[in-house]
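Me: I have a structure to learn from, and I would like to test the terms used for it. Could you set each value beside its definition for me?
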Amino acid sequence: MADKVFPSSKAAAAPLSANGGAAAATATKTNGGATKSDLINPTARLPYRPAPSRNRRRQYRPRRNYCCCCCFWIMLIVLILALLVGITGTVLYVLYRPHRPSFTLASLRVHRLKLKTAADGSSSHLSTFFNLTLSSKNPNSHLSFSYDPFVVSCVTSNGDVLIGNGTLPAFVSDSKDESTFRGVAMAASMDLDAETVNELRPELKQGSGVLLKVEMDTKVTAKAGGLKSKKVGIRVTCDGVKGAVPKGKSPAVANVAGAKCKVDLRIKIWKWTF
């Protein structure tokens with residue numbers, strides 16, 4: 001009985017090269033540097049390839065979106081508030097038609113206006129006393145004004161030299177109301193420097209009189225029905241007054257026919273007043 005010959009399970013030996021050595025096994029490189037044998041062998045370790053990091057993008061995207069949303073909503077709220085304020089102001093203006101209060105300087109009497117200079121010219125002293133009559137009128141039919149005490153000053157129109165000051169009491173001016181204040185006193189007794197004396201002396205010697213200006217500073221609150229505004233500073237300036245130096249004991253009456261009074265807002269921002 002013939003014997004069966006089975007092939008060996010071992011791999012055939014590599015053929016020898018001409019010089020007696022084993023022929024080198026050739027392997028082709030595939031993508032990533034892996035050989036063909038590596039691709040066939042599932043247990044072979046693949047080269048490490050770090051995946052692109054997406055954590056940074058995921059970390060910064062929510063923050064950026066949050067900032068954009070906050071800016072958008074803030075701008076939207078500011079625009080809505082500005083729109084509401086504009087609409088409210090327009091409605092109030094149409095309903096109430098507000099007008100500025102008016103002031104009139106009815107009369108001004110100069111009781112004393114003396115400038116004394118020492119014989120050696122080293123010092124000069126100014127002594128003054130004025131008496132004025134002032135009226136205030138509220139032309140509005142739905143608004144009332146509440147005034148704080150006034151600080152009244154009398155200065156020269158040309159050089160703004162202070163020659164008298166006084167006060168006016170606080171009062172309330174109702175709608176279509178007119179208030180008159182008589183006997184408002186202004187006085188001064190102070191030493192002047194040489195520069196101020198040189199500005200004031202030529203005006204006192206003029207025969208046509210001294211050009212004077214009356215300034216009044218205060219704060220006012222406007223009220224319309226149940227609405228009440230905050231206090232706002234105002235300045236009342238009455239310009240065009242021609243004063244005269246009194247002779248003897250009788251006071252000199254100033255010419256106020258050309259005097260005009262205007263009311264300006266006084267807005268104070270930190271140290272500056274506009």
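Me: Which strands do the buried residues of H3 pack against?
Reply: They pack against strand S1 (102-117), strand S2 (124-137), strand S4 (150-156), strand S5 (162-168), strand S7 (178-192) and S8. Contact here means heavy atoms within 4.5 Å. Helices (H or I, at least four residues) and strands (E, at least two) are DSSP runs, numbered from the N terminus. Please keep in mind that this is a predicted model: local features need pLDDT of at least 70, side-chain atom pairs count only at pLDDT 80 or more, and totals for chains, interfaces and linings use all residues. Residues are numbered from 1 along each chain as its sequence is written, and side-chain values use heavy atoms, with hydrogens and water left out.

Me: What makes Ser144 buried?
Reply: Buried means under 20% relative accessible area, exposed means over 50%, and partly exposed is in between (1.4 Å probe, protein chains only). Ser144 has a relative accessible area of 17%, so it counts as buried. This residue lies in strand S3. Leaving aside neighbours within four places in sequence, Ser144 is in contact with Asn138, Ser173, Asp174, Ser175, Thr221, Ala222 and Lys223.

Me: Why is Asn131 called partly exposed?
Reply: Its relative accessible area is 21%, and that value is in between the two cut-offs, so the middle class applies. Asn131 has its place in strand S2. Its C-alpha is 4.7 Å from that of Ala185, although the two residues are 54 apart in sequence.

Me: Why is Phe129 called partly exposed?
Reply: Phe129 has a relative accessible area of 27%, so it too falls in between the cut-offs. Phe129 is also found in strand S2. Not counting residues up to four places away in sequence, it touches Arg109, Val110, His111, Arg112, Ala185, Met186 and Ala187.

Me: What makes Lys176 exposed?
Reply: With a relative accessible area of 60%, Lys176 passes the upper cut-off and is therefore exposed. It sits in the loop between strand S6 (171-173) and S7. Its phi is near 55°, a positive value in a residue other than glycine.

Me: Which residues of helix H3 are buried, and how do you know that they are on the same side?
Reply: In helix H3 (residues 194-204), the buried ones are Thr196, Val197, Leu200, Glu203 and Leu204. They cover an arc of only 135° around the axis, so they are on the same side of H3. That arc is taken over the directions from the helix axis to the C-beta atoms. On the other side of H3, Ala194, Glu195 and Asn198 are exposed. An α-helix has 3.6 residues a turn, so residues three or four places apart point the same way.

Me: Which residues have the most contacts inside the largest nonpolar core?
Reply: They are Leu108, Phe130 and Leu132, in a core of 39 residues. A nonpolar core is a set of buried Ala, Val, Leu, Ile, Met, Phe, Trp, Tyr and Cys residues joined through side-chain atoms within 4.5 Å.

Me: Where does the largest share of the lining of the largest pocket come from?
Reply: From S8, which supplies 5 residues. A pocket is an open set of points on a 1 Å grid over the protein atoms alone where a 1.4 Å probe fits, with protein on both sides within 12 Å along at least five of seven lines; lining residues have an atom within 4 Å of a point. The lining has 24 residues, and Pro98, Leu143, Phe145, Ala222 and Ser229 lie nearest the centre.

Me: How many residues of that lining are nonpolar?
Reply: The lining divides into 16 nonpolar, 3 polar and 5 charged. Ala, Val, Leu, Ile, Met, Phe, Trp, Tyr, Cys and Pro count as nonpolar, Asp, Glu, Lys and Arg as charged, and the others, Gly among them, as polar.
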